[in-house]
Amino acid sequence: MVLIKHLPQDGAVQRQIHGEAAEWSITDHLLAATVDHLAVSNWMFQMVNSDEDSDQPDFPKPVPRPGVKEEDGEEPDGDTTEETAPEAVTPGALARFFG
């Protein structure tokens with residue numbers, strides 16, 4: 001059980017269990033949030049400093065994150081769907097294997 005608890009967060013077991021989300025560290029999530037906030041602030045700056053008669057810029061799209069569905073309800077960038085995804089290995093199954 002000790003071996004399972006201390007496996008690396010970006011290892012093959014974590015990728016199998018959590019998919020692409022295992023490859024994203026807290027730093028990656030913070031950087032994506034920073035990019036999103038910067039894009040929104042640039043959009044607001046454009047909105048405030050443009051003429052009322054000019055075309056308004058589109059609201060920026062957020063950086064795609066693993067496991068988060070887009071507004072149209074589909075997984076972003078062709079991620080595997082539940083029908084085609086391989087069965088995930090549960091922590092209990094790993095514990096029984098190593099036990």
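Trainee: What makes the approach of the Arg-65 side chain to the backbone oxygen of Val-63 a polar contact?

Mentor: The side chain of Arg-65 comes to 2.9 Å from that oxygen, and a polar contact is a pair of N or O atoms within 3.5 Å, where within protein one must be able to donate a hydrogen and the other to accept it, and residues adjacent in sequence count only if both atoms are side-chain atoms. The Arg-65 side chain also reaches the backbone oxygen of Ala-32, at 3.3 Å. This is a predicted model, in which local features need pLDDT of at least 70 and side-chain atom pairs count only at pLDDT 80 or more, while totals for chains, interfaces and linings use all residues. Side-chain values use heavy atoms, without hydrogens and water, and residues are numbered from 1 along each chain as its sequence is written.

Trainee: Why is Asp-36 called buried?

Mentor: Its relative accessible area is 15%, and buried means under 20%, exposed over 50% and partly exposed in between (1.4 Å probe, protein chains only), so Asp-36 is buried. Among the residues that Asp-36 touches are Lys-61 and Arg-65, contact meaning heavy atoms within 4.5 Å.

Trainee: Why is Gly-19 called partly exposed?

Mentor: Gly-19 has a relative accessible area of 29%, and is therefore partly exposed.

Trainee: Why is the pair of Trp-43 and Phe-59 called edge-to-face?

Mentor: The ring centres of Trp-43 and Phe-59 are 4.9 Å apart and their planes stand at 75°; rings of Phe, Tyr and Trp (its six-membered ring) pair if their centres lie within 6.5 Å, with planes under 30 degrees apart counted as stacked, over 60 as edge-to-face and the rest as tilted, so this pair is edge-to-face.

Methods
Lists of a residue's contacts leave out its neighbours within four places in sequence.
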